[in-house]
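Work through these exercises with the structure open beside you. Try each task before you read its solution.

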Amino acid sequence: MYLNIIASSQFYKVVIIYSILIQWSEDDRVYVASLPEWGKYAQTHGETYEEALENAKEVLEDLIYAYNQTGKPLPKPQITIVESL
């Protein structure tokens, strides 16, 4: 699953795509969602796949906000697309 974060200007649009990996955990009996670019502790879960995905999106938004607030550079995404306008 990929989430698009879009930044644009008058001349180009950059789409930053961060990964969300969702796997079933037999031990915990929940879906575990990981954000690989953000480190091994960037995880959440949900009772359903959809709930895990929504929780992961919220965690990703919170991480981006926190990094921006503290001036910390965002992790390098696995995929970046630049389109000229």
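**Exercise 1. Placing Thr44**

In which strand does Thr44 lie? Then decide whether Thr44 is buried or exposed, and list its contacts.

Solution. The model is predicted, so keep that in mind throughout.

Step 1. Find the element. Thr44 lies in strand 5.

Step 2. Check the accessibility. The relative accessible area of Thr44 is 17%. Buried means under 20%. Thr44 therefore counts as buried.

Step 3. List the contacts, leaving aside neighbours within four places in sequence. Thr44 is in contact with Tyr31, Val32 and Ala33, and also with Ala52, Asn55, Ala56 and Val59.

Step 4. Find the residue opposite. Ala33 stands opposite Thr44 of strand 5.

**Exercise 2. The overall layout**

Describe the chain as a whole. How many helices and strands does the chain have, and in what pattern do they follow along the sequence?

Solution.

Step 1. Count the elements. There is one helix, and there are six strands.

Step 2. Read along the sequence. The pattern is β-β-β-β-β-α-β.

Step 3. Look at burial. The chain has 85 residues, and 32% of them are buried.

Step 4. Look at the surface. The chain exposes about 6,000 Å². Carbon and sulfur atoms supply 51% of that area.

Step 5. Look at the contacts with a separation of 6 or more. Of these, 40% join residues 24 or more positions apart.

**Exercise 3. Building the sheet**

Work out the open sheet of three strands. What is the strand order, and which strands stand at the edges?

Solution.

Step 1. Write the order. It is 3-4-5, with antiparallel pairing.

Step 2. Find the edges. Strand 3 (21-25) and strand 5 (43-46) each have a single partner strand, so one side of each has no neighbour in the sheet.

Step 3. Note the twist. From one strand to the next, it averages 30 degrees.

Step 4. Recall how pairing works. Strands in a sheet pair through backbone hydrogen bonds, in a parallel or an antiparallel way.

Step 5. Count the bridges. Strand 3 and strand 4 pair over five bridges. Strand 4 and strand 5 are joined by four.

Step 6. Name some partners. Ser25 has Val30 of strand 4 as its bridge partner. Tyr31 stands opposite Gly46 of strand 5.

Step 7. Add the helix. Helix 1 lies across strand 3, strand 4 and strand 5. Helix 1 runs at about 150 degrees to strand 5.

**Exercise 4. Strand 4 and Ser34**

Explain why strand 4 is largely enclosed by the rest of the structure. Then describe the surroundings of Ser34.

Solution.

Step 1. Count buried residues. Four of the five residues of strand 4 are buried, so the strand is largely enclosed.

Step 2. Place Ser34. Strand 4 covers residues 30-34, and Ser34 is in it.

Step 3. Apply the cut-off. Ser34 is buried because its relative accessible area is 15%, and buried means under 20%.

Step 4. List what Ser34 touches beyond four places in sequence. The residues are Ser19, Ile20, Leu21, Ala42 and Gln43.

Step 5. Look for a polar contact. The side chains of Ser34 and Gln43 make one, at 3.4 Å.

**Exercise 5. The turn at Arg29**

Locate Arg29. Which loop holds Arg29, and what is notable about its phi?

Solution.

Step 1. Find the loop. Arg29 lies between strand 3 and strand 4. These two strands form a hairpin with four residues between them.

Step 2. Recall the usual sign. Most residues other than glycine have a negative phi.

Step 3. Compare. Phi of Arg29 is near 60 degrees, a positive value in a residue other than glycine.

Step 4. Check accessibility. Exposed means over 50%. Arg29 has 51%, so Arg29 is exposed.

**Exercise 6. Salt bridges**

Find the salt bridges. How many does a search of the whole structure give?

Solution.

Step 1. Count them. The search finds two.

Step 2. Recall the principle. Side chains of opposite charge can pair when their charged atoms come close.

Step 3. Take one pair. Arg29 and Glu26 meet at 2.7 Å, N to O. Glu26 is exposed, at 52% relative accessibility.

Step 4. Take the other pair. Lys57 and Glu54 meet at 3.6 Å, N to O. They are three residues apart in helix 1 (residues 49-70), so about one helical turn separates them.

Step 5. Check their exposure. Lys57 is partly exposed at 23%. Glu54 is also partly exposed, at 42%.

Methods:
Residues are numbered from 1 along each chain as its sequence is written. This is a predicted model: local features need pLDDT of at least 70, side-chain atom pairs count only at pLDDT 80 or more; totals for chains, interfaces and linings use all residues. Side-chain values use heavy atoms; hydrogens and water are left out. Buried means under 20% relative accessible area, exposed over 50%, partly exposed in between (1.4 Å probe, protein chains only). A polar contact is a pair of N or O atoms within 3.5 Å; within protein, one must be able to donate a hydrogen and the other to accept it, and residues adjacent in sequence count only if both atoms are side-chain atoms. Contact means heavy atoms within 4.5 Å. A salt bridge is a side-chain nitrogen of Lys or Arg within 4 Å of a carboxyl oxygen of Asp or Glu. Accessible areas come from the Shrake-Rupley method with a 1.4 Å probe; for residues, only the protein chains shown count as cover. Two strands pair if DSSP finds at least two bridges between them. Axes are lines fitted to C-alpha atoms, for helices over the stretch in contact, and angles run from 0 to 180 degrees between N-to-C directions.
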